[in-house]
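Subject: Structure handover

Hi,

Here is the structure I promised to pass on to you. Have a look at it first, and then read my notes underneath.

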Amino acid sequence: VNNMWVVFGMWYIFAQPGIMHIQYLQEFDTPQDCFAQAMEVMTDNSEDTHMACVPRFMPKAEGSA
C-alpha cells in the first residue's frame with residue numbers, strides 16, 4: 001500500500017477566546033512520541049502554550065519507495 005500517516009505536534013496559544021495562534025509544528029515518528037511531548041507541554045503551567053497531536057494522511061507519490 002502506498003499510503004502512510006504522519007503525526008504533527010502543534011504548539012499553540014489562545015490569542016483571544018476562540019482564536020488560536022500556531023507557534024510551531026513538528027513531525028513525529030510515532031503517535032506515542034507526540035503524545036509524550038504533549039503531556040509534558042500540557043502539564044507545564046508556567047506558560048500559556050498548549051500542544052495537540054494531529055494525524056495527517058500522506059499518500060506516497062507514485063514510483064517512490
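Below is what turned up, going from the overall layout to single residues.

One thing to keep in mind from the start: this is a predicted model.

The big picture

The protein chain has 65 residues, and 20% of them count as buried. Its secondary structure amounts to one helix and three strands. If you walk along the sequence, you meet them in the pattern β-β-α-β. As for the outside, the protein chain exposes about 5,100 Å², with carbon and sulfur atoms supplying 56% of that area. Looking at contacts between residues at least 6 apart in sequence, 52% join residues at least 24 apart.

The core

Which residues make up the largest nonpolar core? There are eight of them: Val7, Trp11, Phe28, Cys34, Ala38, Val41, Met51 and Cys53. Strand 1 (3-16), helix 1 (31-43) and strand 3 (50-59) are the elements that give two or more residues to this core. Helix 1 gives the most, with three residues.

Val7 is a handy core residue to click on. Leaving aside residues up to four places away in sequence, Val7 touches Gln26, Glu27, Phe28, Thr30, Pro31, Cys34, Cys53, Val54 and Pro55. So you will find the core members Phe28, Cys34 and Cys53 among the residues that Val7 touches, if you apply a contact cut-off of heavy atoms within 4.5 Å.

The disulfide

Two of those core residues deserve a closer look. A search of the whole structure finds one disulfide, and the partners are Cys34 and Cys53, with their sulfur atoms 2.1 Å apart. The pair links distant parts of the chain: Cys34 sits in helix 1 and Cys53 in strand 3, 19 residues apart. In case the term is new to you, a disulfide is a covalent bond between the sulfur atoms of two cysteines. The angle about the S-S bond is -105°, which makes the link of Cys34 and Cys53 left-handed. Are these two cysteines buried or exposed? Both Cys34 and Cys53 are buried.

Gln32, also in helix 1, is another residue to view alongside Cys53. Their C-alpha atoms are 9.7 Å apart in space, and the two residues are 21 apart in sequence. Gln32 counts as exposed because its relative accessibility is 57%, and the cut-off for exposed is over 50%.

The surface

On the outside there is a nonpolar patch formed by Phe14, Met20, Ile22 and Leu25, which together have about 390 Å² of accessible area. Strand 2 (residues 19-28) supplies the largest share of the patch, three residues. Met20 is found in that strand. Why does Met20 count as partly exposed? Its relative accessible area is 41%, and partly exposed covers the range between under 20% for buried and over 50% for exposed.

The loop before strand 3

Finally, try Glu47, which lies in the loop between helix 1 and strand 3. Glu47 has 49% relative accessibility, so it counts as partly exposed. Its C-alpha atom is separated by 9.4 Å from that of Ile13, and the two residues are 34 apart along the chain.

If you only have a few minutes, start with the link between Cys34 and Cys53, then turn to the patch that includes Met20.

Cheers

Terms used
Residues are numbered from 1 along each chain as its sequence is written. This is a predicted model: local features need pLDDT of at least 70, side-chain atom pairs count only at pLDDT 80 or more; totals for chains, interfaces and linings use all residues. Side-chain values use heavy atoms; hydrogens and water are left out. A nonpolar core is a set of buried Ala, Val, Leu, Ile, Met, Phe, Trp, Tyr and Cys residues joined through side-chain atoms within 4.5 Å. Buried means under 20% relative accessible area, exposed over 50%, partly exposed in between (1.4 Å probe, protein chains only). Helices (H or I, at least four residues) and strands (E, at least two) are DSSP runs, numbered from the N terminus. A disulfide is a pair of cysteine sulfur atoms within 2.5 Å. Patches are made of residues with over 30% relative accessible area and no salt bridge: like charges are joined within 9 Å, nonpolar side chains (Val, Leu, Ile, Met, Phe, Trp, Tyr) within 5 Å. Accessible areas come from the Shrake-Rupley method with a 1.4 Å probe; for residues, only the protein chains shown count as cover. A salt bridge is a side-chain nitrogen of Lys or Arg within 4 Å of a carboxyl oxygen of Asp or Glu.
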